[in-house]
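Visitor: Before we go through this model together, could you take me from one well-defined element outwards to the arrangement of the chains?

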Amino acid sequence: MTTTDVLPALRATVRGAAHPQAARCSHPDAVLAEREDGTVVRHADTVAKAHAPDTDPAHLALRLAVATAHPDILLAPLRPDPAALHGRLITFWPYGTPVDPEAPEDAPWEEAATLLARLHRRRPHPGLPPMRGPVKAARAVARLTGTAVDHPAAPPVLGAWRALPAWARAEVPMSAPTALCHGDLHLGQLVRHPVSGGAWRLIDVDDLGVGVPAWDLARPAAWYACGLLPPDVWACFLDAYQRAGGPAVPADADPWPVLDVSARALTVQTAALAIAKATAADRPLDDVEGAVIDACDRMSTVPPELASDFPK
Amino acid sequence: MHMQCPKCHASMHTYNRNGVQIEQCSGCRGIFLDYGELEALTRLESQWGGPAVPPPPAAPQYPAGGHHSAPAWGAPHGGHHGGHHGGHHNRGFGHMLFSS
């Protein structure tokens, strides 16, 4: 079933979940996201998400259980189990206020880092599947090779990808040590709940699992390395993570030996998607996308750090 | 100050060569020179009549610590362009901040 097929049913479902007693109401629906990997609809205080068609039901149930178990870190679902709707798995969430896309300078970097540090210190549930970060990076590269391999910016990105260790390309399992990870951190993954004055929480458990915790720091790290995120913002994020006892990087030494591979992988992922999207829209790359591809180009001159761990 | 090799992370040991302090890695045997040390060695060498070594390019180094350190493949120092709030790349980067 495609995302367009599930949307009307999802709208009806979220209305029913928001108002179990009422036959009709005047609240408008809002489609918060409509992508291949998920459709999200809000009605009043309730949000329903139709997960990607290939979502594993057992894995989603385990990931949902993690969100339920750690409501001080992750937004807790309204219902403990996924529901089925037109062949798709549906989960229900309270609505939270997202980060304002028009004011990313007000983004809660410290809170995000503190939440990640807390998450990385929690014991993963038995049977929890791997964090899906490397799988997503591999999918982005597959999309590049499948749709835009002839783009002039593709070779440095593919070269940087091939230089990464196999675990970062999702070809072999991630090596120890591992931790409970979010798997896809960016500013769209934070909401404030309750809406007015509530605490920041992480959302979107689809990629959550057991993995290399540096991966969760690697997107901000990549933005910083590409020259996009100001050094003071990166320092604030990293400081907050270390102050909160985050285990991914050493407390008082250069974090880059540990961050290097993950930050390279996220840079490659971002560059691959940028080229694929620019090609699909038949537009040139913008300067920000160009900065990410330039970083991939520079990677060829410096081999990746061998360490995915640091001495304890 | 104890240094770690930026290449292989083994510890580096300090040697004194003709009055110039040189850090050499105990693992890969790579050598780290502080600013001006290569020139000092070159001067010494030319005093002894050997051929002069050309001055090195200003290569970036991993700083030994601190949060402003960056990977060797990172954007050139001072070249970050878009993170400044209100910068002309802000829109594209703003979008990137929110997408998978």
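Guide: This is a predicted model, and a good place to begin is strand 3 (residues 46-51) of chain A, which is largely enclosed by the rest of the structure because six of its six residues are buried.

Visitor: Which residues of strand 3 of chain A lie on one side and which on the other, both faces being covered?

Guide: In a regular strand the side chains alternate between the two faces of the sheet. For strand 3 of chain A, one side carries T46(A), A48(A) and A50(A), all buried. The other side, also buried throughout, is made up of V47(A), K49(A) and H51(A).

Visitor: Which residue stands opposite T46(A)?

Guide: Strand 2 (residues 38-43) of chain A runs antiparallel to strand 3 of chain A, and six bridges join them. The hairpin that these strands form has two residues between the strands, and in this hairpin A44(A) takes a positive phi near 50 degrees. Opposite T46(A), on the strand 2 side of the pairing, stands H43(A).

Visitor: What is the bridge partner of V47(A) in strand 5 of chain A?

Guide: Strand 3 of chain A also pairs with strand 5 (residues 88-94) of chain A, in the antiparallel sense and over five bridges. Within strand 5 of chain A, the residue bridged to V47(A) is W93(A).

Visitor: Which element gives the most to the side of domain 1 of chain A that touches domain 2 of chain A?

Guide: The domain assignment of chain A gives domain 1 as 3-95 and domain 2 as 104-299, and their C-alpha centres lie 25 Å apart. Across the boundary, 15 residues of domain 1 of chain A are in contact with 17 residues of domain 2 of chain A. On the domain 1 side, the element that gives the most, with seven residues, is helix 2 (residues 57-69) of chain A.

Visitor: How many nonpolar, polar and charged residues does that side of domain 1 of chain A have?

Guide: The classes refer to the side of domain 1 of chain A that touches domain 2 of chain A. Counted in this way, that side has 10 nonpolar, four polar and one charged residues.

Visitor: Turning to the other chain, what percentage of the residues in chain B is buried?

Guide: Chain B has two helices and four strands, which follow the pattern β-β-β-β-α-α along the sequence. Among the contacts in chain B with a separation of 6 or more, residues 24 or more positions apart account for 11%. Of the 100 residues in chain B, the buried share is 15%.

Technical notes:
Residues are numbered from 1 along each chain as its sequence is written. Chains are lettered from A and ligands numbered from 1 in the order in which they are written. This is a predicted model: local features need pLDDT of at least 70, side-chain atom pairs count only at pLDDT 80 or more; totals for chains, interfaces and linings use all residues. Domain bounds come from an automatic or database domain assignment. Two residues are in contact if their C-beta atoms, placed from the backbone, lie within 7 Å. Ala, Val, Leu, Ile, Met, Phe, Trp, Tyr, Cys and Pro count as nonpolar, Asp, Glu, Lys and Arg as charged, and the others, Gly among them, as polar. A residue is buried if 20 or more other C-beta atoms lie within 10 Å of its own, exposed if 12 or fewer, and partly exposed in between; C-beta atoms are placed from the backbone. Two strands pair if DSSP finds at least two bridges between them.
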